[in-house]
Amino acid sequence: MASSAMLQVFGQPASTDVARVMACLLERQLDFELVRTDTFKRGRKQQLPEFVKMRDPSGHQVTLTHGNVTLGDSRDICRYVCTEFPRWCTRNLYGAGALERASIEQWLQTEAQSFDAPSLALALFHLAVGGAPAPAPYVSGDEAAAAESERQLVRVLDVYDGALGRSAYLAGDDFTLADLSHLPNAHYLASSARGRALLASRANVARWYAAISSRPAWRQVVAVQARTAHYPVAFHPSASGHGAL
């Protein structure tokens, strides 16, 4: 059966797609191996698996293998993880019934279609320039694009703030994939002063981000991102809490 096969994640931990998948696996307390694909660019003797080389060209930065299953979209991987494995390890991240799942799916679509692009563009811009404003009156094309991304993101955060005023998390009072999927981009956004200010400017969003970013599973992802070792890392959270061996 696929459920008893080894879970392997191929990608670079700094990738938002890889971070999303790792967070889901750690929340589910599942054992898995992270194989860093950047190690194959440094002259190591290992050969990158063919299925990783042949990933679809749509920009996905992660591949999960599980027995004869190979997936390359981080959100689909999270859906697969939540439906393939039993619930005993954590509360259900993907809804206990059709109505809950529909609500989670609505927010997953909102994240993918409305939050993902402007939040990442703005985060990367501020990280690149150190958060310093451009001298007036000069505005480069990049700065104009960043300003547009911020306008788009502000509209999204206003919607989120309203929803989070009615419940603790986006899809209700429990943490779900709807919240988890936002963590990678929100983390990078919060790495700049301007990004932190945007998240803090709305009380409900600020409270929500503080709650989801402090979860042990996500803190483990951030710790892995900070490491510089270039070799496969095995995670065994089911044996001794969140951790890597």
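The following questions and answers concern a predicted model and its strands, core and aromatic contacts.

Visitor: What conventions apply to the numbering and to the predicted model?
Guide: Residues are numbered from 1 along each chain as its sequence is written, and side-chain values use heavy atoms, with hydrogens and water left out. Local features need pLDDT of at least 70 and side-chain atom pairs count only at pLDDT 80 or more, while totals for chains, interfaces and linings use all residues.

Visitor: Is strand E2 largely enclosed or exposed, and why?
Guide: Buried means under 20% relative accessible area, exposed over 50%, and partly exposed in between, with a 1.4 Å probe and protein chains only. Strands (E, at least two residues) and helices (H or I, at least four) are DSSP runs numbered from the N terminus. In E2, residues 32–36, 4 of the 5 residues are buried, so the rest of the structure leaves this strand largely enclosed.

Visitor: Which handedness does the crossover from E1 to E2 have?
Guide: E1 (residues 7–11) and E2 run parallel, joined by 4 bridges; strands pair if DSSP finds at least two bridges between them. Between them the chain passes through helix H1, residues 16–27, in a β-α-β crossover. With the strands pointing away from the viewer, a clockwise path from the first strand over the helix to the second is right-handed. This crossover is right-handed.

Visitor: Which helix gives the largest share of the largest nonpolar core?
Guide: A nonpolar core is a set of buried Ala, Val, Leu, Ile, Met, Phe, Trp, Tyr and Cys residues joined through side-chain atoms within 4.5 Å. The largest one has 60 residues, and Leu25 and Trp208 are among those with the most contacts inside it. The largest share, 8 residues, comes from H1.

Visitor: How are the rings of Phe115 and Tyr160 arranged, and why?
Guide: Rings of Phe, Tyr and Trp (its six-membered ring) pair if their centres lie within 6.5 Å; planes under 30 degrees apart are stacked, over 60 edge-to-face, the rest tilted. Phe115 lies in helix H4 (residues 98–129) and Tyr160 in helix H5 (residues 141–164), 45 residues apart. Their ring centres are 6.0 Å apart with planes at 20°, so the pair is stacked.

Visitor: Which charged residue sits over the ring of Phe175?
Guide: Phe175 is buried at 8% relative accessibility. A charge sits over a ring if NZ of Lys or CZ of Arg is within 6 Å of the ring centre and within 35 degrees of the ring normal. Here the charged end is 3.8 Å from the ring centre and belongs to Arg215.
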